[in-house]
Every structure is written in C-alpha cells, then in structure tokens.
Amino acid sequence: MKKIMDILEKFQVPVYRQGSITEDEEYPDTFFTFWEFGDETKYYDNVPVSREHIFWIYIYSKEPERVPGIEKETEEMFLKHDISILEAWKDAKSDEETHMGRRITISVREDLQEVGK
Amino acid sequence: MARLKAETEGFDALLNKIHRLEGDTKVIAEKALIEVHEQITPRIKEDMAKHYLTGATERSIAQEPEIEWSAQTASVKVGFHIRDGGLASVFLMYGTPRMEPDRKLYNEFYGAAAKKRIREIEENVLYEEIRRLEL
C-alpha cells in the first residue's frame, strides 16, 4: 500500500479510501480514492511464498482535461515500480454530476519468504 | 446487465458422453444453466437486502432464466437488467467516494469462488443426468 500511496501523492491531490468522504464534505476538484478488494496467496510446497494484493484506484475530477495526463503518468509509474496493471483505466460512476470518474485495477506483489530458506 | 454468464463451454466431454447415452444434450445443457440461475439469484437478492431503499435495483434482478445459444454453447445471464433500474448495482459493486464497494456483491459476479460454484452446479447436473441415463 505504501508503494501505491507514494506514487499517488506525487500528484499533489488528496487521496482517500473509497467510501470515506462524508455526505457533508465537498469533493476536491481532483482526487484519488483506493480500495483493496482482493488478494491471492501463492504457495510452494505448501508454504506461502508471495501474495498479490489487488486494488482499485479511482480518480475523480471536475477538470477532465487533466485526467488523460494523470492516467498516463500513473500507469508509467506503476509499471516502473513493478506494480502490474490488471485492467486499464475505464469509466467509473461518480456520485457528483460535476466530476467524472475513472478506475484502474492493479496488483502489488508482497514476497512472504524466500523459497528454499 | 451487470451479470455473470454461465456457459456450457468446457463441458464437452460430459456433453459428448450424454450424447453417446442418447440423452438430449440441448435440454440437459439448458437444465444445468437454469439450475445455476436458480441457485445464484437468491444469493444476489440476499446481498441486495442490506441496500434496500426503493427496491428498484432489486426489482431489476432477472427473475427468469433466459437461455441464449451461440453455435454449440449455451449461456444464461444472471443479475441486474441495467435498463430496468439495475444501474445502481454498478455503484454498489465498485462504490463511490461516499460509499464503500460491496465486496460480497462483487464477488457473487466476479469472484473466483463464484466461478467455481457455477462450474460445480453445472457439473452436478450433468453427472446426475449421466447417472440417470446409465440406469
């Protein structure tokens, strides 16, 4: 998670957990949200060796002209930091008419132990 | 339709055996898919219960199994008719900045356990038919 947060924070826009903005809070002009929705553990000889954490990362913005650039940069940074892109950016529903929404699915690998040690 | 699709693809060996036993593969394939629909739809309705407000999204759940054939593969759609008020199901599964995603609902459609469950339901029906034909 820290790896993802470090990347998103480079864009200097707020980052929230999906669902954490309250009814009386206004949306920032542009912001990210995230949600870890799954994980998959890999085993070798019945020993867990790694775990893939799967995240949805969302971007919401009332500045649609900014979004394609942010999408491209986040993809490049994810790949540079060994974060796999499972599904490319696609439209996501926004519950404010003023903001467009987009969502990407990524996975981050966590090594649990070295095989054979 | 926010939906999952159960198909008969991948069951060729079982369907061929049914054919050799002179069973009606079309009828049996459709029976397997109807069983999937009947077992999965109540689970979706149960997941929706906690989201009940107007009932519009729940009413958009496909009540009757509609079998579609494409070449030799049959499929059934299970889930929400988007045009009939089911759009909110997409909100619920993926969430919004003000609403957490409903992981359980998402997994009913896209989770590995759901896919496994569907395959098992289909297999059980096909094996049952094979046993009946072998008697």
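Tutor: Before we start, buried area is the accessible area that two parts lose on being put together, summed over both. Keep in mind that this model is predicted.

Student: Okay, so what is the area buried between chain B and chain A?

Tutor: The size of an interface is often given as the accessible area lost when the parts come together. Here carbon and sulfur atoms give 56% of that area. The total buried between chain B and chain A is about 1,600 Å².

Student: Which three residues supply the most of the area that chain B buries against chain A?

Tutor: Look for a trio that beats any other three residues of chain B. Together they supply 50% of the area chain B buries against chain A. They are B:Tyr94, B:Pro97 and B:Arg98.

Student: Which residue of chain B forms a salt bridge with A:Arg17?

Tutor: The count between the two chains is 2 salt bridges. For a pair to count, the side-chain nitrogen must lie within 4 Å of a carboxyl oxygen. With A:Arg17, the closest N and O atoms are 3.2 Å apart, so the pair fits that cut-off. The partner is B:Glu100.

Student: And which helix gives the most to the side of chain B that touches chain A?

Tutor: Two helices of chain B, H4 (88–94) and H5 (103–110), each supply at least two residues of that side. One of them gives 4 residues, the most. That's H4(B).

Student: How do the residues on that side of chain B divide into nonpolar, polar and charged?

Tutor: On the chain B side, 14 residues are in contact with 23 residues of chain A. Sorting the chain B residues by type gives 9 nonpolar, 2 polar and 3 charged.

Key: Residues numbered from 1 in each chain as written. Chains lettered and ligands numbered in written order. Predicted model: local features only at pLDDT ≥ 70, side-chain atom pairs only at ≥ 80, totals over all residues. Heavy atoms only, no water. Contact = heavy atoms within 4.5 Å. Buried area = accessible area lost by both parts, 1.4 Å probe. Nonpolar A, V, L, I, M, F, W, Y, C, P; charged D, E, K, R; others polar.
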